[in-house]
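Notebook open. I wanted to look up how the domains meet, what surrounds the ligand, and where the salt bridges are.

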Amino acid sequence: MVEQAADIRQRDFRSYRMHIDGQWVDAADGQGFDCIDPYSGLAWARVPTATIADVDAAVAAARLAFEQGDWANALPAKRARLLRKLGDLIESEFQELANVQVLENGKLMREVLGQTQGLAAFCYYFAGAAEHLHGDTVPVSLPDMFNYTTREPIGVIAAVTPWNSPLALLFWKLCPALAAGNTIVVKPSEVTPVSTLVFAELVEKAGFPKGVFNVVTGDGSVGAALVKHPGVDKIAFTGSTAVGIEVAKEAASRLARVSLELGGKSPNIVFADAEFDNAINGILAGIFGATGQTCLAGSRALIHVDIYEQFAKRLVERARAIKLGDPLHPDSEMGTLSCRMQYDKVMHWIQVGLEDGAELLTGGRHPTADALQKGLFVEPTIFGNVGNSMRIAREEIFGPVLCLIPFKDEADAIAIANDTRFGLAAGVWTNDIKCANRMIKKIRAGTVWVNTYRRTGYSMPFGGMKQSGLGRENGREAIHEYTEVKSVWIDSGPGMRDPFNPRA
Ligand code: NAD
C-alpha cells in the first residue's frame, strides 16, 4: 500500500551510515549532519560527514575491487546479470526511493516517481551495453598486419552529484561506469545524501562484489577530497559551472579523466506560427517543472514580437494558477526549493532583476497562504521585456524564474540564443520544418528539442557545449566515456626487418 504524505512525515528520525567496502560505517570521527525537509523545515535524518580517512578507505576499497579483477575482468554477461538484478530490485523499491527524495529536496512526488520508476530501464539498457561493448578490427596500410582495438575500463570512478535529481543523475554515471567494468565511489550532495544511501542497500542486495560501489557523504570539502585523491582515475561530476571548473583544474593537474555536466541558461524559442497552447505548455514545463531546479530549465523564453503580448498574457495567467503545495501531495503542482541556500539565491536574483529594470509580470515573492509559510516556496515568477544583457538573462538562477525576451526574426533569435556562456539545451517551437532545421544547425547546445521540451532518456546522449560541460552521458556515447581504447598490432607476415640493414 502506498504510504500517505502525513505518514511519510511522521516516520521516526533515522541515522544512516555510509557504504564502504561492503560495510555500513559511521564517519571515522563519528561526526555527521542533519537533513532538513524543505517543506516542513524539520530535520528528518542524520548522515555521516566523511573524514579524509573515510575517503581514503572508499578509494582503497574501489581500487582493490578493480585490481582484483573480479569485476573488471568479469564476463560481460556477469556484469549484465547483476545490473539486471539491480533493475529488478528497483522495480519493487521505486516508491521508497521516491519518498526519501521528496523529503530531501521538496520536488513533487509525481515528478520524482516518474524518475525512480524509470531507473530500472537504465540498468537494463546498460546491461545490454555491457554485452555489446567491443572494439573494432581496423584495416591499415601494411600487409600481413592484423589490427584491432579493445575497450577497457578506466579504473576507479569518483561520481559527484547534485541535489536536484540525485538518483537519476547518479544513474547516468553509475550504469555505464559499472557496465564497462569500473568501480565507483559516489559523493552525493549534502542536501540529498539519503536517497543514495537507501539505493546502496539495493546494490548490496543485488550481490555486487564488495568495493565495487561505495558511498561517502558530506559537503563540498568531501567532494574536493575525493576529486583530489590520486587513487581516482576518472571524475564524473554534475553540478555548478563554478565548481565544475575547479574539478576540471584538479583533474588536469594529474591528467585524470573527467566528464562534467554543468549549468545552463537555455533558450526556449517560440516562432509566430507555433501551436500556441502547445508552446505555452512547453515554456511552463521548461521553467516551472521541478520548481525550475533543472540544469536544462528553459529559463530564457524567446518570443517572436508578433505574438509576444498575447503569449506573455497567457503565460502569466497560467503561472498564477499553478498550485503550490506539499510536494508529497498528489494535487500539488509545484514544490519547494531544495534548501535555504538555494531559496536565498533565487530571491537574490529576483531582486537583481528588479534592480536591472526588468518588468516583473508575476510572482517574485514567498507565497502568503498560511499552509505554505514553513516551506521554501517561491511563486512562479515571470519577468517581461528582459534584455539579454541583463544579469538575470546571463546567470543560471536554478529556480522558478522565467525571462521573456522578444525577438524579430530567425537571425535575431539565433544571435540571442547563442549569446551566452552556456550551451546545454534549447527548444524551438514552430510548424515550419525548414526553420526548425536551420535553428537546429545554428544553435550551440548539446540538445535541441523541437515542439517539445525537457525530454531525456537512457538511449539519448546528453551533455553540454561551451561552459555547460564536457563529455556526454546516456546512450552509446556514455559507456565509451568510461573506457580506454587499446590499439593492438599483430604482424602475421614474415616479421620485422633488420632496421639497420633493410636489404638483408
Ligand atoms: P554544486 O556545484 O554546488 O555541487 C555539486 C556537488 O559538488 C555536490 O555534491 C557538492 O557537495 C560537490 N562539491 C561542492 N564543491 C566541491 C568541490 N570544490 N570539489 C568537489 N565537489 C564539490 O551544485 P548543486 O548546487 O548541488 O547543483 C546545482 C547545479 O548543478 C546547477 O548549476 C545545475 O545546473 C547543475 N546541474 C547540471 C546538470 C547537467 O546534467 N548538466 C544536472 C543537474 C544539475
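My entries follow, domains first, then the ligand, then salt bridges.

**Ground rules.** I am working on a predicted model, where local features need pLDDT of at least 70, side-chain atom pairs count only at pLDDT 80 or more, and totals for chains, interfaces and linings use all residues. Residues are numbered from 1 along each chain as its sequence is written, and side-chain values use heavy atoms, with hydrogens and water left out.

**Domains.** I found two entries in the split: domain 1 (20-262 + 464-486) and domain 2 (267-450). The bounds come from an automatic or database domain assignment. I looked up the distance between their C-alpha centres and got 30 Å. For the contact (heavy atoms within 4.5 Å), domain 1 supplies 26 residues and domain 2 supplies 34 residues.

**Interface area.** The size of an interface is often given as the accessible area lost when the parts come together. Here I use buried area, the accessible area (1.4 Å probe) that two parts lose on being put together, summed over both. For domain 1 and domain 2 that comes to about 2,400 Å², with 58% of it on carbon and sulfur atoms. On the domain 1 side, Y39, W163 and K466 lose the most area, together 28% of what that side buries.

**Interface pairs.** What does the salt-bridge rule find across the interface of domain 1 and domain 2? It finds zero (the rule wants a side-chain nitrogen of Lys or Arg within 4 Å of a carboxyl oxygen of Asp or Glu). I did get 13 residue pairs in polar contact between the domains, both residues at pLDDT 80 or more. A polar contact is a pair of N or O atoms within 3.5 Å; within protein, one must be able to donate a hydrogen and the other to accept it, and residues adjacent in sequence count only if both atoms are side-chain atoms.

**Ligand.** I counted 28 residues around the ligand, each with a heavy atom within 4 Å of it. The closest are T161, E190, S240, L262 and E396. I then checked ligand oxygen atoms: a polar side-chain atom of S240 lies 2.6 Å from one, and a side-chain N or O atom of E190 is 2.7 Å from one. G239 uses a backbone N or O atom, at 3.3 Å from a ligand oxygen.

**Salt bridges.** My search of the whole structure gave 26. I noted R9 and D37, whose side chains meet at 2.6 Å, N to O.
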